[in-house]
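Visitor: I should like to study this structure by asking about it step by step. Please show it to me.

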Amino acid sequence: GINAEYGGIMLCVVRTAGKSLKVRPSASYREISPRQCFQRSFSVLGLNLPQFKKFFPFSPSFCLVGRNFSSKGNKKGGKGKQKDDEESGESVEFDLTEVEDAMSKTIDALKREYSNLRTGRATAELLSPIRVEIEGVEQPLKSVGQIVAKDAQTLVVTVYDPKHAHAVERAIRDSTLKLLPQVDGATVRIVLPKVTQEYRNDLAKMAAKFAEEARVSIRRSRQNGMSSLKKLEKKMSKDDYKRAEKDIQKTTDSQIEKVNQLQQSKEKDITSM
């Protein structure tokens, strides 16, 4: 956002990214951030966008929001100032970012866990989580060599520096993938063993376990968010508090659904091996 002052009116120029913004004329604020624009309503200045374009050359994807903060009737300690504070809503905003970030990290962690579950098909992504220790420093395998799926059962790693081939072989062998790589000069070859029904069942159980752990983590993030919101209850309006509760629940439901979709996709991969 960009703050500017024109004719005694405080403006906030906010990029909307093409999203529609709800308007509640009865609400007004001294300051407003881009996140607040999307989380709650705000007052819109009486002048329309074309009237301001000659003063503020910006893209139509911006909106001008704010209110009149002229000093008239708002002297320090005066009733006008108190009234203006009441009207401008000095209530606290609940920031959903921390909850969203925590849940997103859970989803990312689940994706990493699923990428480590070998489903029988040779793909370069299967080895992507592996890190190789080179001269005391761990590096991603893809930065040490090129990973190629030669066929449905064979992976080949062409190590950029042949002297590191055995370090790559050791990192793959010691990983949780339970693979047996073979070194041939600068090449490390991995043949995936055939998958049995028993192994499929084990993978399905592991996939379900990882998914449930992710759901528990997301619900814990929800509880943390509700606890943080509860501490702000007396500083928020009832409408804002209820809106924040709904936002937290909506985010929780959305992330739980992502977990369900990831689990279903992984189970489909496992059964089709």
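Visitor: In what order do the four strands of the open sheet lie?

Guide: This is a predicted model, in which local features need pLDDT of at least 70, side-chain atom pairs count only at pLDDT 80 or more, and totals for chains, interfaces and linings use all residues. Residues are numbered from 1 along each chain as its sequence is written, and side-chain values use heavy atoms, without hydrogens and water. Strands (E, at least two residues) and helices (H or I, at least four) are DSSP runs numbered from the N terminus, and two strands pair if DSSP finds at least two bridges between them. The pairing is antiparallel, and the order is β6-β7-β9-β8.

Visitor: Which are the edge strands?

Guide: An edge strand pairs on one side only. In this sheet, the edge strands are β6 (145-151) and β8 (182-184).

Visitor: Over how many bridges do β7 and β9 pair?

Guide: One bridge joins T158 to its partner T187 in β9. Strand β7 (residues 154-159) and strand β9 (residues 187-191) pair in the antiparallel sense, and the number of bridges is five.

Visitor: How are α4 and α8 oriented to each other?

Guide: The axes, which are lines fitted to C-alpha atoms over the stretch in contact (heavy atoms within 4.5 Å), give angles from 0 to 180 degrees between N-to-C directions. The axes of α4 (residues 97-115) and α8 (residues 238-271) come within 10 Å and cross at roughly 5°. Angles under 35 degrees count as roughly parallel, over 145 as roughly antiparallel, 65 to 115 as roughly perpendicular and the rest as oblique. The two helices, α4 and α8, are therefore roughly parallel.
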